[in-house]
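Hi everyone, thanks for coming. I have one structure to walk through today, so let me put it on the screen.

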Amino acid sequence: MQKVVSGIRPTGNLHLGNYFGAVKNFLRMQEEYNCYFFIADYHSLTTHPTPENLHNNVRQVLAEYLACGLDPEKSTIYIQSDVPEVAELSLLMSMNAYLGELERTTSFKDKARQQPENVNAGLLTYPVLMASDIIMHNADKVPVGKDQEQNLEMTRKFAGRFNHIYKTDYFTIPQSFNYGEALVKIPGLDGSGKMGKSEGNGIYLADEAKAIQKKVMRAVTDSGPTEMNSPLTEPVQNLITLMEVVSTPDTVQYFRDKYASCEIRYGDMKKQLAEDIIKFNAPIREKIEAIKADEAYLSKVVAMGRDKARESAQKTLKDVRSIIGIKQF
Ligand code: TRP
């Protein structure tokens with residue numbers, strides 16, 4: 001079976017956009033591939049989180065993905081730093097990664113601009129560590145969004161370079177992969193663009209009912225249709241798109257009709273939308289809380305993932321050491 005590897009940065013909670021995007025992809029992939037999903041805590045050290053934040057974020061992200069249905073029996077779900085082999089592979093791979101190409105990486109340049117006081121070596125070698133995450137398990141496929149395409153391109157380059165230098169075909173050259181158009185793009189609440197982390201634009205799975213209500217009631221609309229059957233403006237279309245994923249078709253049709261007849265009251269529409277989002281979120285939110293409270297379950301999941309991931313990692317590392325001439329006496 002083909003292998004998929006994907007890393008999850010432990011920053012911030014999942015919002016509805018993530019849920020109907022990355023998470024839905026993961027749930028489908030875990031049925032179709034041999035998946036390795038890990039929480040990239042080594043990578044997040046490049047931004048210097050406090051120890052409490054790092055740990056809490058790892059826990060939160062893990063609980064959220066499990067609550068959404070990521071299944072430790074079907075996939076290998078682990079924490080990157082539980083598999084120290086990746087650090088050694090990254091060291092070995094760094095010997096054939098060149099300063100110039102690392103400095104030219106867009107994500108490095110962006111980060112250097114965002115945190116000029118902290119342009120550390122980990123930021124520079126970020127793509128080497130990411131490549132190591134991927135080739136460690138000989139992944140065939142890596143689901144990547146636009147922002148990670150270049151990093152995957154670097155992975156392909158590093159893996160290919162290794163094969164070339166050592167005259168081997170040991171590493172699989174991974175392909176980028178997504179289910180693409182099949183997914184609904186979830187818009188934000190600020191009138192345009194998709195849901196993201198920026199303030200006020202996102203609704204999180206972990207949000208309480210009150211917070212959801214507040215955010216939805218504040219969502220951007222327009223001044224209302226003045227002509228019968230006019231097309232939906234972008235902010236209103238965005239609210240309808242959200243309704244389409246959480247409300248019943250009847251509800252959506254009701255508000256479409258009201259808009260068409262110029263009788264729409266955005267207050268009513270938002271109230272309904274908030275209610276339906278709350279209803280949709282409630283079971284997921286409860287699950288997140290239950291999982292977070294269950295230390296025994298969490299440590300079992302983490303240990304299981306670690307053991308499976310290390311088995312695969314140790315095999316790769318043994319082979320790689322031998323290929324490059326680090327041999328047992
Ligand atoms: N860089 C990825 C991100 O920021 C996270 C990541 C780390 C990753 N290692 C990976 C993704 C390996 C895919 C494969 O989202």
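I'll start with the ligand and its surroundings, and then turn to the domains.

One thing to keep in mind as we go: this is a predicted model.

So, which residues are around the ligand? Going along the chain, we have S6, G7, R9, F38, A40 and H43, followed by Y126, M130, D133, I134, V142 and Q148. By type, that shell splits into 6 nonpolar residues, 4 polar ones and 2 charged ones.

Now, let's look at the polar side of this. Three side chains come up here, and each has a polar atom paired with a nitrogen atom of the ligand. For Y126, the distance from a polar side-chain atom to a ligand nitrogen is 2.7 Å. For D133, the corresponding value is 2.8 Å. And for Q148, an N or O atom of the side chain sits 2.9 Å from a nitrogen of the ligand.

How much of the ligand does the protein bury? On its own, the ligand exposes 360 Å², and 94% of that is buried by the protein.

Which elements give two or more residues to this shell? They are strand 1, residues 3–8, and helix 8, residues 126–135. Helix 8 makes the largest contribution, with 4 residues.

Let's zoom out to the domains. The chain is divided into domain 1, which covers 3–173 plus 295–324, and domain 2, which covers 209–289. Taken over C-alpha atoms, their centres are 37 Å apart. Where the two domains are in contact, 8 residues come from domain 1 and 8 from domain 2.

And how much area do they bury between them? About 670 Å², with 84% of it on carbon and sulfur atoms. On the domain 1 side, the residues that lose the most area to domain 2 are L16, F20 and A67, and together they account for 65% of what that side buries.

That's my tour, and I'm happy to go back to any part of it.

Note on methods
Residues numbered from 1 in each chain as written. Predicted model: local features only at pLDDT ≥ 70, side-chain atom pairs only at ≥ 80, totals over all residues. Heavy atoms only, no water. Near = heavy atom within 4 Å. Polar contact = N/O pair within 3.5 Å; in protein donor to acceptor, adjacent residues only side chain to side chain. Areas by Shrake-Rupley, 256 points an atom, 1.4 Å probe, with all protein chains shown as cover. Nonpolar A, V, L, I, M, F, W, Y, C, P; charged D, E, K, R; others polar. Domains from an automatic or database assignment. Contact = heavy atoms within 4.5 Å. Buried area = accessible area lost by both parts, 1.4 Å probe.
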